[in-house]
Amino acid sequence: MTWLFKKVTKNLYLNLSAVFSAIRQLTLIVLLLCLGFVNHDQAIAANFTENPLKQPATEITISLGNSANELKFEPNHLEFEPGKRYLLHLHNPSQLKHYFTAKDFADAIWTQKVQAGKVEVKGAIHELELKPGGEAEWVFLPIKPGSYNLHCSIPGHTEAGMTGEITIH
């Protein structure tokens, strides 16, 4: 009788663990839906067992200006998906310093790191300054969908057309 009791108890415990795991996942989906971080289709397709920080980053190269000293971002329209990891390669081939300024966008993402040379910065980043020939890498996860403005905050650069748009779908 003791053997049967142990077997029933063990099976009950294993089944309860699976039930509690499913409840935790469902709670997470509902919470993300309510907070607006994901939409219905993303919640259904999401694989919550995968760590987004371990997925390979989608790499995008952005030029701040060009060798002809034109005041523009290339490309000037960027699109991202929430929960997907990205690596922006920022470089300034011009002879002028430029800023990659997108405060509202920076508030809508989680920055894993920004790296320039042998320096790695972690935490909230709202603006990056790239001096002539400068390069930086920005690794992040978009969180909040929306359209965000990008500009160079050096006086006269925005007015001359150094602007862009960033969209998180």
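Trp138 lies in strand E9, and in this predicted model the residue is buried, with a relative accessible area of 1%. A search of the whole structure finds ten aromatic pairs, and two of the residues described below, Trp138 and Phe140, belong to one aromatic cluster. The points that follow take up Trp138, then the aromatic rings, and finally a loop residue, Asn66.

**Surroundings of Trp138**

- Leaving aside residues up to four places away in sequence, Trp138 touches Tyr86, Leu87, Leu88, Leu90, Phe100, Phe105, Ile109, Thr111, Lys113, Val114, Ile125 and Leu128.
- With one of these residues, Thr111, the contact is also polar, since the side chains of Trp138 and Thr111 make a polar contact at 3.1 Å.
- Leu128 is ten residues from Trp138 in sequence, and the C-alpha atoms of the two residues are 9.5 Å apart in space.
- Trp138 counts as buried because its relative accessible area of 1% falls under the 20% cut-off.

**Aromatic pairs and the cluster**

- Among the ten aromatic pairs found in the whole structure is that of Phe80 and Phe140, which is edge-to-face, with 5.2 Å from centre to centre and 85 degrees between the planes.
- This pair links distant parts of the chain, as Phe80 belongs to strand E3 (residues 77-80) and Phe140 to strand E9 (residues 135-142), 60 residues apart.
- Both partners are buried, Phe80 having a relative accessible area of 0% and Phe140 one of 1%.
- The rings of Phe105 and Trp138 also form a pair, and because their planes stand at 75 degrees, with the centres 6.2 Å apart, this pair is edge-to-face.
- Here too distant parts of the chain are linked, with Phe105 in helix H3 (residues 103-107) and Trp138 in strand E9, 33 residues apart.
- Phe105 and Trp138 are both buried.
- The four residues of these two pairs belong to one aromatic cluster, which is formed by Phe73, Phe80, Tyr86, Phe100, Phe105, Trp138, Phe140 and Tyr148.

**Asn66 in a loop**

- Asn66 is found in the loop that runs between strand E1 (58-64) and strand E2 (73-74).
- Although Asn66 is a loop residue, it is buried, because its relative accessible area of 11% is under the 20% cut-off.
- The side chain of Asn66 is joined to the side chain of Glu70 by a polar contact of 2.5 Å.
- Not counting residues up to four places away in sequence, Asn66 touches Lys72, Glu74, Pro93 and Ser94.

Key. Residues are numbered from 1 along each chain as its sequence is written. This is a predicted model: local features need pLDDT of at least 70, side-chain atom pairs count only at pLDDT 80 or more; totals for chains, interfaces and linings use all residues. Side-chain values use heavy atoms; hydrogens and water are left out. Rings of Phe, Tyr and Trp (its six-membered ring) pair if their centres lie within 6.5 Å; planes under 30 degrees apart count as stacked, over 60 as edge-to-face and the rest as tilted. Helices (H or I, at least four residues) and strands (E, at least two) are DSSP runs, numbered from the N terminus. Buried means under 20% relative accessible area, exposed over 50%, partly exposed in between (1.4 Å probe, protein chains only). Contact means heavy atoms within 4.5 Å. A polar contact is a pair of N or O atoms within 3.5 Å; within protein, one must be able to donate a hydrogen and the other to accept it, and residues adjacent in sequence count only if both atoms are side-chain atoms.
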